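Biologist: Before we discuss salt bridges and packing, may I see the sequence and the model?

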Amino acid sequence: MSEKITVFGSFVVDLMARAPHLPVPGETVKGSLFKQGAGGKGFNQGVAAHKAGGDVALVTKLGRDSLANIALDVMAEFSIPKDYLFYNDDVATGIALIMVDEITSQNKIVIVPGACSTITNEDIAKVEDRIKQSGYLLLQLEVNQDANEQVARLAKKHGVKVIVNTAPYQHVSDEFLNGTYLVTPNEVEAEALTGIAVTDLESADRAAEVLLRKGVQNVLITLGSRGVYIRTEERSEIIPAYRVDAVDTTGAGDAFNGGLITALAEGKSLSDAARFANALAALSVQRLGTTASMPTREEIDAFIAERG
């Protein structure tokens with residue numbers, strides 16, 4: 001039986017435009033497509049984990065505005081419980097402006113976190129019981145960091161395994177990282193965390209060693225098309241990525257982290273969980289959008305059965 005999962009993080013409304021190329025400063029580019037939908041790293045990861053079969057409590061904060069309804073509609077569509085949603089009467093729901101190059105699938109994103117950057121200690125107190133019941137807590141860096149630190153302290157006190165997806169990067173203290181079960185940076189975030197440019201497996205290992213010395217128990221560095229590098233106190237390995245034709249890479253990291261925590265909660269090893277997460281991410285990048293691109297468990301299992 002799977003352990004419970006708490007995903008604590010952001011919700012923003014994604015405002016996505018596709019264009020033949022990404023504009024340079026001062027340039028206006030005529031786009032080919034616009035879509036509006038649910039997003040935010042916390043929300044994306046929570047939806048990904050839920051659709052992959054996880055027992056997920058999704059914790060975030062919304063404004064009292066029409067944009068909040070986008071979150072509520074998605075949660076209703078996928079039967080995600082709304083027990084841990086909070087509201088700010090004075091600050092708007094967050095948004096993300098996303099530009100996607102329709103030729104390369106690369107993107108540029110500006111995030112205005114809004115209400116989800118105003119999570120309070122009073123909000124956190126209301127989710128402590130759920131955190132205590134959870135096997136895993138997943139955090140990102142898109143909400144106010146004092147809330148992340150408070151939630152991480154609570155989880156560690158109750159023996160819950162804390163996973164930190166260090167995106168979008170901001171400075172975090174060694175105290176916050178110490179005792180964390182797993183961190184999942186990409187190459188850029190790993191360099192920001194450690195001062196070591198991650199360009200190959202050797203440099204990835206040196207960066208991981210720095211994080212282990214900070215008290216992190218396990219390190220997983222995502223390397224894009226090269227796969228993921230895993231380092232623990234005992235061993236290291238590279239898990240290859242699946243080769244697919246990407247349409248939109250927005251949310252790929254969120255898909256990966258949602259799949260990862262779901263598989264870990266089911267008792268899979270870190271290596272097997274990374275393979276499962278790779279499959280989820282590979283499926284997601286073949287579709288437009290973020291939450292809309294997250295595959296179901298049936299789709300993930302079928303993809304793994306076909307591709308190995």
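Biologist: Which residue meets the side chain of R231 in a salt bridge?

Modeller: This is a predicted model, and a salt bridge is a side-chain nitrogen of Lys or Arg within 4 Å of a carboxyl oxygen of Asp or Glu. For R231 the N to O distance is 3.1 Å, and the partner is D205.

Biologist: How many residues apart in sequence are the parts that R231 and D205 tie together?

Modeller: R231 lies in strand β12 (residues 228-232) and D205 in helix α8. Such helices (H or I, at least four residues) and strands (E, at least two) are DSSP runs, numbered from the N terminus. The pair therefore ties together parts whose separation in sequence is 26 residues.

Biologist: Is R231 buried or exposed?

Modeller: Buried means under 20% relative accessible area, exposed over 50%, and partly exposed in between (1.4 Å probe, protein chains only). D205, at 24%, is partly exposed. R231 has a relative accessibility of 12% and so counts as buried.

Biologist: Which pLDDT do side-chain atom pairs need in order to count?

Modeller: Residues are numbered from 1 along each chain as its sequence is written, and side-chain values use heavy atoms, with hydrogens and water left out. As this is a predicted model, local features need pLDDT of at least 70, totals for chains, interfaces and linings use all residues, and side-chain atom pairs count only at pLDDT 80 or more.

Biologist: Which residue forms a salt bridge with D174, and how many residues apart in sequence are the parts they tie together?

Modeller: The closest N and O atoms of D174 and K214 are 3.0 Å apart, which makes K214 the partner. D174 belongs to helix α6 (residues 174-177), whereas K214 sits in the loop between α8 (201-213) and β11 (218-222), so the separation in sequence is 40 residues.

Biologist: Which residues are joined into one network by salt bridges that share partners?

Modeller: D301 and R297 form a salt bridge within helix α11, at 3.1 Å between the closest N and O atoms; the two are four residues apart, about one helical turn. The network of shared partners joins D205, E209, R213 and R231.

Biologist: At what angle do α10 and α11 pack?

Modeller: Axes are lines fitted to C-alpha atoms, for helices over the stretch in contact, and angles run from 0 to 180 degrees between N-to-C directions. Angles under 35 degrees count as roughly parallel, over 145 as roughly antiparallel, 65 to 115 as roughly perpendicular and the rest as oblique. α10 and α11 are therefore roughly perpendicular. Their axes lie 9 Å apart, and the angle is about 105 degrees.

Biologist: How many charged residues has the contact of α10 with α11?

Modeller: Contact means heavy atoms within 4.5 Å; Ala, Val, Leu, Ile, Met, Phe, Trp, Tyr, Cys and Pro count as nonpolar, Asp, Glu, Lys and Arg as charged, and the others, Gly among them, as polar. F276 and L280 are among the α10 residues that meet α11, where I300 and F303 are included. By class, this contact has eight nonpolar residues, no polar ones, and charged residues numbering three.

Biologist: Which helix gives the most to the largest nonpolar core?

Modeller: A nonpolar core is a set of buried Ala, Val, Leu, Ile, Met, Phe, Trp, Tyr and Cys residues joined through side-chain atoms within 4.5 Å. The largest has 52 residues, and F43, L220, L260 and L264 have the most contacts inside it. With 10 residues, the helix that gives the most is α10.
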